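User: Please take a close look at the nonpolar core, and then at the parts of the chain around it. Which residues of the largest nonpolar core touch the most other members?

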Amino acid sequence: MFGKRSEGSAALAAPTPHDSETSAAAAPAPKAAAPAAKQITPPPPAAPRGAEASEAYYETKATIFNALFETIDVSALAGMQPEKARQEIRTIVDEIIAIRNVRLSVAEQNQLIVEICDDILGYGPLEPLLARDDIADIMVNGAKHVFIEVDGKMEKTNIRFRDNTQLMNICQRIVSQVGRRVDESSPICDARLLDGSRVNVIAPPLAIDGPTLTIRKFKRDKLTLDDLVKFKSISPAAAKVLAIIGACRCNILISGGTGSGKTTLLNCMTSFVHPDERIITCEDSAELQLQQPHVVRLETRPPNLEGKGKVTMTDLVKNCLRMRPERIIVGEVRGPEAFDLLQAMNTGHDGSMGTLHANSPREALSRMESMITMGGFNLPMKTIREMITGSVDVIVQAARLRDGSRRITKITEVIGMEGDVIVTQDLISYEMDGEDANGKIIGEHKSTGIARPNFWDRARYFNLEKDLAEALDAAGT
């Protein structure tokens, strides 16, 4: 047994209040020993993970949880390996259940132990959701309301937190792992889980009904363009065109709305980067999962308690140019860093990529102009547009359709300028033909008939012009 206090047996036998569980951050002071063990009324059968449990179950769990923290040494627990710590917690909880005469079946007892271990060592009620690979988003709106997105559809779960204090403790545990904080003085925080899943927390007083936690989950198995073809997000011929675009070092912008799959598509596109190339990524929260051996990952930093030490995306992109990059990848372009990214694309860093929020390729170009203008660059609009056309080669548009499916709707290349207008042309577009009996949208990716794209010479330089011609021909059939 680890961390046993001298009054450990008394703690096991002492009755504890049912109204709240002790936070995992600190153990309560030991209580006086009771003359005899108190019998707890056995709860009804424990519900499966994620199902609604009774109040009696939660009260029993709270009692055992409090007794456990009077018995263990939290500092010793923190220094142990997770599996070893779980085994020690299981041993103590078994003793508490035996001494207090709590009648539970083996399945109920195992469930209780797993939940208590998750509360202490993991992310509490979130653990069963994080373990599922079919969930795209987890949305926690206060302690009692947890929603998930599965197959593009929103569902309400029966999972709940004990109270807003427990939810806030878990939020702080998540963000502290990447050196960030969330509290009343800094109530908004972007962070990530260890697997790269994106996390956003907004806490009271800004969130009126309790802490709000949003997690954009990443699949354990990294998706490829072949997977996108299987999901019918793109046709095989269009996927081959994207592969060639990535391999021949075109500068790419991936445009789309929230939840349209921009980051997933960016990950897929980077799989065609040559292993010898040096790649530098700049992100607000590091979530890209590149497989190349020579990758430098940079992440922005918020200000500290004194309001100093902030490192912005613009700072990172500027610094990239001094790090001998061959490709620069910006996780999301949303501000003045757009100017520095265009400068990098136009000064020898071919094959650079970035994502931004826009509903069409034309709107993506307008947003680039707006971001540069808002950055305080006093340049004529025609000069900005010439910079964009000289830097960006291809815009890939992703969209989330009304049935929840995600599609790549356009592959558009930037041609040049005619007067003050940027000229673009679509190579492949997604055409909707209707919907089936289940409400699923039916459509297909079709070539627009462009046989020799503007980047044809670049493809020929990399000996890919024949593959490109075959892919465009196949997309037109």
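The reply below starts with the whole chain and then turns to the core.

Analyst: This is a predicted model, in which local features need pLDDT of at least 70 and side-chain atom pairs count only at pLDDT 80 or more, while totals for chains, interfaces and linings use all residues. Residues are numbered from 1 along each chain as its sequence is written, and side-chain values use heavy atoms, with hydrogens and water left out.

Confidence comes before the core. The mean pLDDT (the predictor's confidence in each residue, from 0 to 100) is 81 for the protein, and 86% of its residues reach 70 or more. Among the elements, strand β12 (residues 394–400) has the highest mean pLDDT, 95, and helix α1 (residues 8–13) the lowest, 41. Over residues 1–52 the pLDDT is below 50, although this stretch has 126 contacts in the model beyond near neighbours in sequence. Where pLDDT is low, the predicted coordinates should not be read in detail.

The protein has 16 helices and 15 strands, taken as DSSP runs numbered from the N terminus (helices H or I, at least four residues; strands E, at least two). Of its 477 residues, 49% count as buried; buried means under 20% relative accessible area, exposed over 50% and partly exposed in between, with a 1.4 Å probe and protein chains only. Contact means heavy atoms within 4.5 Å, and among contacts between residues at least 6 apart in sequence, 58% join residues at least 24 apart.

Now the core itself. A nonpolar core is a set of buried Ala, Val, Leu, Ile, Met, Phe, Trp, Tyr and Cys residues joined through side-chain atoms within 4.5 Å. The largest one has 39 residues, of which Leu242, Ile245, Leu265 and Ile411 touch the most other members. Helix α9 (residues 236–247) gives the largest share of this core, eight residues. Apart from this core lies another, of 32 residues, among them Val317, Ala344, Ile372 and Met387. In soluble globular proteins, nonpolar side chains tend to be buried together.

Leu265 shows how the contacts run. Leaving aside neighbours within four places in sequence, Leu265 is in contact with Leu225, Leu228, Leu242, Ile254, Val396 and Ile408.

The loop between α8 (225–230) and α9 holds Lys232. Lys232 is not a glycine, yet its phi is positive, at about 65°. Because its relative accessibility is 61%, Lys232 counts as exposed.

A similar backbone feature is found in the loop between α11 (313–320) and β10 (327–330), where Arg324 lies. Phi of Arg324 is near 55°, a positive value in a residue other than glycine, and Arg324 is exposed, with a relative accessible area of 56%.

Met381 belongs to helix α14 (residues 381–391). Met381 counts as partly exposed because its relative accessibility is 35%. Not counting residues up to four places away in sequence, Met381 touches Glu369 and Thr373. The C-alpha atoms of Met381 and Glu369 are 7.7 Å apart, with their positions 12 residues apart in sequence.

One further backbone point is the cis peptide bond that joins Pro204 and Pro205, with omega about 10°. Pro205 lies in the loop between β5 (198–202) and β6 (212–216).
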